[in-house]
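Student: I've got a structure open and a pile of terms I don't quite trust yet. Can we go through them together?

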Amino acid sequence: MMSKKLITLLAVLFLSIGTALAKDFRTVVFKVEQMMCQNCEKKVKDNIKFEKGMKKFTTDLKAKTVTITYDAEKTNIEQLKAGFKKFKYEAVVVEDKKEE
């Protein structure tokens, strides 16, 4: 009887810790009109990777988009857009969604 209570208590404890540790990851797609060639794409890749809170990113030169997955507790869309402005590119939000 005591062991069932202990197991139940431990299960509740682990579930609550898992919920508390869950990160708020979001993915945003930016349209970057200045990204017209491979050198422009390289410029984006070389500069944007240093933005705080970013977990991963991909670029699509043909569509002129940059898709960024970031930790919403560490950064936000406005800060990421400001990161593009540091190297004189403008990023316009196309899509923003929460990761499951």
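Student: How many bridges join S1 to S4, and do they run parallel or antiparallel?

Tutor: Keep in mind that this is a predicted model. Six bridges join S1 to S4, and the two strands run antiparallel. Lys31, for instance, stands opposite Val92 in S4.

Student: What makes S1 and S4 count as a pair?

Tutor: The cut-off is at least two bridges. S1 and S4 have six, so they qualify as paired.

Student: And how do S2 and S3 pair?

Tutor: In the antiparallel sense, over six bridges. Asp60 has Thr65 in S3 as its bridge partner. S2 and S3 form a hairpin, with four residues between them. In that turn, Lys64 has a positive phi of about 60°.

Student: What is the order of the strands in the sheet?

Tutor: The sheet is open, has four strands and reads S2-S3-S1-S4, with antiparallel pairing.

Student: Why are S2 and S4 called edge strands?

Tutor: Each of them pairs on one side only. As for twist, neighbouring strands of this sheet are turned by 15° against each other on average, direction ignored.

Student: Which helices pack on the sheet?

Tutor: H2 does, touching S2 and S3, and its direction makes about 180° with that of S2. H3 packs on the sheet too, touching S1, S2, S3 and S4; its direction makes about 40° with that of S1.

Student: Okay, on to charges. How do you know that Asp96 and Arg26 form a salt bridge?

Tutor: The nitrogen and the carboxyl oxygen must be within 4 Å. In this pair the closest N and O atoms are 3.3 Å apart, so the pair passes. Asp96 lies in strand S4 and Arg26 in strand S1, so the salt bridge ties together parts that are 70 residues apart in sequence.

Student: Why is Asp96 called partly exposed?

Tutor: Buried means under 20% and exposed means over 50%. Asp96 has 35% relative accessibility, so partly exposed is the label.

Student: What makes Glu33 and Lys64 a salt bridge?

Tutor: Same kind of check: their closest N and O atoms are 3.6 Å apart, so they meet the 4 Å cut-off. Glu33 lies in the loop between S1 and helix H2, and Lys64 in the loop between S2 and S3, so this pair ties together parts that are 31 residues apart in sequence. Glu33, at 46%, is partly exposed. Lys64 has 21% relative accessibility, so it is partly exposed as well.

Student: And what separates Asp46 and Lys42 along the helix?

Tutor: About one helical turn, because they are four residues apart in helix H2. They form a salt bridge with the closest N and O atoms 2.6 Å apart. Asp46 is partly exposed at 33%, and Lys42 is partly exposed at 47%.

Student: How many salt bridges are there in the whole structure?

Tutor: A search of the whole structure finds five.

Student: Last one: which residues have the most contacts inside the largest nonpolar core?

Tutor: Phe30, Val32, Val44, Ile68 and Phe84, in a core of 17 residues. S1, H2, S3 and helix H3 each supply at least two residues of this core. Leaving aside neighbours within four places in sequence, Val44 is in contact with several residues, including Met35, Val66, Phe84 and Tyr89.

Student: Why would nonpolar side chains be found together like that?

Tutor: In soluble globular proteins, nonpolar side chains tend to be buried together.

How values were computed:
Residues numbered from 1 in each chain as written. Predicted model: local features only at pLDDT ≥ 70, side-chain atom pairs only at ≥ 80, totals over all residues. Heavy atoms only, no water. Salt bridge = Lys/Arg side-chain N within 4 Å of Asp/Glu carboxyl O. Buried < 20%, exposed > 50% of the residue type's maximum accessible area, 1.4 Å probe, protein only. Core = buried A, V, L, I, M, F, W, Y, C linked by side-chain atoms within 4.5 Å. Contact = heavy atoms within 4.5 Å. Axes fitted to C-alpha atoms, helices over the stretch in contact; angles between N-to-C directions.
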